[in-house]
Amino acid sequence: MQETIQVAQNLPSTPQTWYLILSTILFSIGVMGVLFRRNAIIILMCIELMLNAVNLLLVSYSSYSGNMEGQVFVFFVMVVAAAEVAVGLALLVSIYRNIASTDIDVLSKMKW
Amino acid sequence: MKSEIIFYLLSALSIISALVVVFTKNPIYSVLSLIVCFFSIAGHYVMLNSQFLAIVHIIVYAGAIMVLMLFTVMLLNLNKESEPHKSSLIKVAAIITGGLLMLTILASLKTTQLTAYSTPADLGLGSVQSVGMSLFTEYLLPFEISSILFMSAMIGAVVLAKKER
Amino acid sequence: MLTLVLLILPLIASLVLLATRGNASRSLALLFSLVQLGITLYVWNEFRNTLAIDLPSKFGFVKDWISRPNISFNIGLDGISMVMVILTNLLLPLIILSGFNRTIERPHIFYSLMMLMQSALIGVFVSFDGLLYYIFWELALIPIYFMAFNWGGVNRKAVTLKFFIYTLAGSLLMLFGFIFLYWSNPLHNFNWNDLVNNHTCGCNQTWLFWLFFAAFAIKIPIVPFHTWQPDTYKEAPTQGTMLLSGIMLKMGLYSLIRWLLPIIPSGVMQWNSLAIALCAAGIVYASIIAIMQQDLKKLFAYSSIAHVGLIAAGIFAINVQGLQGSMVQMLAHGINVVGLFFCADIIFNRTQSNHVEGIGGIRLVAPQFATYFMIVVLASVALPLTNGFVGEFMLLYGLYEYNHWLAVTGGLTIILGAVYMLRMYQKVMLGESVMENMSFPDLLWNEKVVLISIAVLIFFFGLYPKAILELSEPAVNFIIEKSLIK
Amino acid sequence: MTENILNEMNLITPVMLIPLLPLLGFFITSLFGKQLKHASGWIASLAILVPFICSAYIFMNTDAATSFEVPIFDWIAFGKFSIPFAFLIDPLSILMLLVVTGIGFLIHIYSIGYMHHDEGFSRFFSYLNLFIFFMLLLVMGNNYLVMFIGWEGVGLCSYLLIGFWFKNQSYNDAAKKAFIMNRIGDLGFLLGMFFLMMMFGSLEYKTIFSKASEIPVGNSLIVITTLLLFVGAMGKSAQIPLYTWLPDAMAGPTPVSALIHAATMVTAGIYMITRSHVLFVLAPFTSDIILIVGVATALFASIIGLKQNDIKKVLAYSTVSQLGFMFAALGVGAYKTAMFHVLTHAFFKALLFLGSGSVIHAMGGEQDIRKMGGLRKALPITNFTFLIGTLAISGVPLFAGFFSKDEILANVFVHSNIFFAVLVLTSIITSIYMFRVYFLTFSGEFRGTEEQKHHLHESPATITIPLIILAVLSTVGGFLGLPSVFHATHKLNAYLGNVVPSLSEHEVSHNFEYILMGSLTAIVAIIIFAVFNYFISKKNMPEANEEEMNPVGRFIYNKYYVDEFYNAVFVRPIMLLSDIFLVLIDKLIIDLLVNAVAWLAISLGKGARLVQTGNTGFYVFAMVISMIVLLALQFII
């Protein structure tokens, strides 16, 4: 691992590649969770995890390239995520009210 | 060196907590460990000189979203016993698939063109001031539209969660 | 510009009609179609007085439309297009008028669709850009689909679906063909002139021929692609059937001349003997089926298959008499078949039956109707001095020059045509009525106007086919010149 | 020369009037028939009389060398072809014009009386006028296509008039049969025209005949062309095998039978071959075929005539037989003789048909000769004129048929002894059945019902006057063509000489002519006596029904079962084929293929539907795996 040049004090000297790897791992864990679990709330949480992995990547790119846009984008992703969770949870509540379960395998009506 | 150590620690924390989210059987633990995960990611943001985003991240995710999650879990009275399980075959398949996905993504990223800077540039990008300037000038329209999104999400959530009739 | 007017006016009419209600719709539709006819006659006159070299500048209208892929809004008129435009605009007032004194639900939509159809048909005939042509070709399908689907007979749903899918499948093949031509054309466009002057290599034409041929053969229809037709003609509302048989199937024949012969000449050279054989066999086949048909509309449908089979065969013979004959005969067949279906409609309107065996003796009570019906029947069995004869004579001669035996086979149509038409006429019109208490009022005013117009047209084009022949001769010669180049 | 041209200019107006007036008459009588009522008959007759006068005027003002064309307009033009609508006036067409308008006029007058009580009076006359119009086009055209217009047009009128009483479906069947059989011939004619167009690049007589002289005799294309043209003639002139429509055509009103199916339309085939004799001379093979077909038709039709009991059917078969005679003459190259027989036959056959019409009129529609007899007293004029007609057709000397038939026989004799013998036999049979009809109808006792007997009356003047005129013509018509033995000029031959030059008409020796005439006269005399003896003196009657006949008689009575044969060989198989095509090929094979495509699409959809399990987990798996595959693809490709 090559020692990087510090531009300013107190700044991380970690290479960007590491952030790539980290966010990939987090993203994959999120995907794994979606595949692994049947509880809809957990799946929702895993999706949040995936979004965060992507956010992390965006921020890292933004920082390393000195570009503002990545951060703004993350901001909007957060907006969408918040809205998504609100609606998603509301849906879950109403589903739970009907079938008393949050198991997505039970929700298999949408088929031929 | 110091920053590297911090990075390792934060990364380990976030990966472990993420794994806990996936593998723990009790939904409450999942929620709590996800909060931990989010905090560690916020730490990463700080490391990357994005202080503003780190704060917003904590407020939105840990403060709002996760509380919402927790509320819901508790409201629906989900616990370890009521937790549905998949068959072990699917679990194995899920792990393998997730691993494969990680491998392919990493393999794809190997060819990525990295940015000009080898270290994060501190140009004051992450400050409240610069993000605010950007949001309220260049990205004013999307910013305002996102408020409409929020409102519709709010209305939607109320309508959906409301008792029927 | 004149061409553009011809194309746009029906479109405007279509929109205006949507705002009307009740009887006003059909009167307005008739008015619009008459105005359109008037413009057509004016254009016809202008066209006759224009030198061939001035045609593009006088009647052409080119505008860039889409740059990638390179599609231009390129319309124009040549002799062949002119004849087809005359056919369309001549028949439409008659078709609209034939709907008077009939109840049609939601007439504003019905007539609006009809006007849209007119616009699309004219678009097909005047387009000189391959993709523009294709768009109009498909557009023409939509109104007729809805007309058949909403105003058709009992069995309409299944039948119209079959019709729609059948024709659509054919057009899709054509689209592939056009895309291939686009790329093989060094100028990378769909312009007709460029496609005609830049033939793709012979090896590709071998299979390209079939892409286009399939699309046109379905529309025409040539046996064995014809099974959609009798059912559709039977189930569609009469005016829809008239549009289909009178004008729409001419799209296929026209396209053979415009988009197949000069563009894929060596493919045509390679396969035209097979195509002609198919047509000739189809003539005999359809005629023989028509002999025993019990349903009036189906009988006319099969007779139509036989007639257009002859036209297609004449086109594939690629000589002056065959192509010129096809021009005359397309017009003649359009007029005659509209007359035939109108007669079937008159009979159905009064007896609620189209069954050949179950009517009889109409001539006793409706002598006028019987006379006009006879005239139409005679025209469609190609009696000399009617319009049917000139075309059939020239087509058969064209076919004869290509191959003597095929002419004999095709010529059987004049015997078999007489057999099924006279049998039908005898059973339906002559003898004593087999229906009890049949009330069969003679012709109403609109029916009389339509039938008299048709009779006049029949004799006019029978006596003076030059009106058409001189229009299309230069264009036909150009097509032949391009089609015979190796 | 200048005088001649001036002359032609003067003639253009009458030439134009000739076809125009019948057409005008057709429009007037068909459009205003209801208002005109019986006046339409006179208008229609006038519309024929004026053309007759015009024709006569033209005849007077021209000589045998006349030949000029009157262009009307350009009809069809494509490529290098141009087919004008134009008329040709020469002795041949003038002769036909006179026959068509002259006899046509007489029959119009006759019809006024005959059709008086018919509700379709005006319609009848409009059809008749239309027929005359087309017939005039046929004979006046200067090219084959104009002739073809007339050719098909007269076929149409024949159809309309045979099925004139359209309430009766068997009449309509007969009409349809006539039209379709004619159409078969027309296809031959059409193809023949195509050959002509290909060979000569034109359809005008002038061009074709001048170019034809360069073609060697026996050229195979010419043989095919002439054969095809002959097929056309076969259909129109009712020769074997296309003759069966003519006897059935007697379903039409009797004036129609006289005009169309005896005097004019059916001779169109002979006119056409005479007109194109230049081509037929070049094709000896075709001429032989024509001779064989003509002789065979003459013989077979006359034998059928022996056993028929319907007065009009007998005359119909007699017409077929006489047409056979004419074709035999054409076959041996005696074109002028054939035209001569056309002329005399037009006189006496029209006379016979009109006479039979008068009889039928008097009998109240009865046509069976077994139920007639002794009409001599009630119908003296009809009787007398019918007798003249019978004598003329039987070839009794001095009557018209004698000279023309004799000329045919002499010409055939030169060509072939066997055919001569057959024709002599035919001519003997002809006299037998004609006198059989005459005696059974007019002599002996009346065999009809009392009511009919009470009703018997001589026909009105409109009917009898044409009969008398035709009787006179049947008597003197033959003097137009006196044979050379009488040391007189053959006026007709001289008149037609320029159009139809003598080519192969060998002169027979005068001695032979005397023997032929003498023996034929003697034979006819014997026949008259024998037939009279058999039917009148011994009161033998034709069998009342089929069962009483012997097998041969039954075979003949049923016209050799030709209709049944055609039905079994052509009509039924086509009908069967029609059903097979529809049910088997259309509905089963093609629709099965089409439906197979639809079925394929449906089953593919059914298969693909199974993927849609509704299980979200499965969907996510599918999604992730697809992502992996997509990402992995970049390493593979």
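**Exercise 1. How many helices and strands make up the secondary structure of chain D?**

Start with the basics. This is a predicted model, and in it chain D has 27 helices and two strands. Next, look at the overall dimensions: along the principal axes, the C-alpha atoms of chain D fill a box of roughly 115 × 70 × 60 Å. Then check burial, where 53% of the 637 residues of chain D count as buried. Finally, take the contacts in chain D between residues at least 6 apart in sequence: 80% of them join residues at least 24 apart.

**Exercise 2. Find the domains of chain D and say how far apart their C-alpha centres lie**.

Step one is the assignment, which divides chain D into domain 1 (336-546) and domain 2 (563-636). Step two is the spacing: the C-alpha centres of these two domains of chain D are 73 Å apart.

**Exercise 3. Work out how helix H15 of chain D sits against helix H16 of chain D**.

First, locate the pair: H15(D) covers residues 311-331 and H16(D) covers residues 335-362. Their axes are 9 Å apart, and the packing angle is about 175°. Angles over 145 degrees count as roughly antiparallel, so H15(D) is roughly antiparallel to H16(D).

Now pick out who does the touching. On the H15(D) side, the residues include Leu315(D), Phe325(D) and Met326(D). On the H16(D) side, they include His341(D), Leu352(D) and Phe353(D). Sorted by class, the contact has 12 nonpolar, six polar and two charged residues.

**Exercise 4. Describe the side of chain D that touches chain C**.

Count residues first: 38 from chain D are in contact with 37 from chain C. Then map the chain D side onto elements. Strand S1 (68-78), helix H6 (144-162), helix H7 (169-200) and helix H26 (562-609) of chain D are the ones that give two or more residues. The largest share, 14 residues, comes from H7(D). Last, the chemistry: this side of chain D has 23 nonpolar, six polar and nine charged residues.

**Exercise 5. Which pair of chains has the most contacts, and which elements of chain B take part?**

Four pairs of chains touch, and the most contacts are between chains A and B. That contact takes 74 residues from chain B and 67 residues from chain A. On the chain B side, at least two residues each come from helix H1 (2-23), helix H2 (27-47), helix H3 (51-75), helix H4 (88-110), helix H5 (128-136) and helix H6 (140-161). By class, the chain B side divides into 51 nonpolar, 18 polar and five charged residues.

For the pairs that don't touch, try chain C. No contact joins it to chain A, where the closest C-alpha atoms lie 24 Å apart. With chain B there is no contact either, and the closest C-alpha atoms lie 31 Å apart.

**Exercise 6. Split chain B into its domains and look at how they meet**.

The assignment gives domain 1 (1-82) and domain 2 (124-165) of chain B. Their C-alpha centres lie 22 Å apart. Where the two meet, five residues of domain 1 of chain B are in contact with five residues of domain 2 of chain B. The domain 1 side of that contact has two nonpolar, three polar and no charged residues.

**Exercise 7. Is helix H11 of chain C mostly covered or mostly uncovered?**

Go residue by residue along 228-235: eight of the eight residues of H11(C) are buried. Among them are Trp228(C), Pro230(C), Tyr233(C) and Glu235(C). What do they pack against? The partners are helix H7 (141-151), helix H8 (156-184), helix H12 (238-260) and helix H14 (296-316) of chain C.

**Exercise 8. Why does Val106(A) count as partly exposed?**

Place the residue first: Val106(A) is in the segment after helix H3 (69-99) of chain A. Then count its surroundings. Val106(A) has 15 other C-beta atoms within 10 Å; a residue needs 20 or more to be buried and 12 or fewer to be exposed, so the count falls in between. Leaving out residues up to four places away in sequence, Val106(A) touches Ile99(A) and Ser101(A). The C-alpha atom of Arg38(A), 68 residues away along the chain, is 9.3 Å from that of Val106(A).

**Exercise 9. Decide where in chain A to read the coordinates with care**.

Begin with the whole complex, for which the predictor gives an ipTM of 0.76 and a pTM of 0.83. Chain A has a mean pLDDT of 82, with 86% of its residues at 70 or more. Residues 1-12 of chain A are below 50, yet this stretch has 21 contacts in the model beyond near neighbours in sequence. Where pLDDT is low, the predicted coordinates should not be read in detail.

Note on methods:
Residues numbered from 1 in each chain as written. Chains lettered and ligands numbered in written order. Predicted model: local features only at pLDDT ≥ 70, side-chain atom pairs only at ≥ 80, totals over all residues. Contact = placed C-beta atoms within 7 Å. Helix = DSSP H or I, 4+ residues; strand = E, 2+ residues; numbered from the N terminus. Nonpolar A, V, L, I, M, F, W, Y, C, P; charged D, E, K, R; others polar. Axes fitted to C-alpha atoms, helices over the stretch in contact; angles between N-to-C directions. Parallel < 35°, antiparallel > 145°, perpendicular 65-115°, else oblique. Domains from an automatic or database assignment. pLDDT = per-residue confidence, 0-100.
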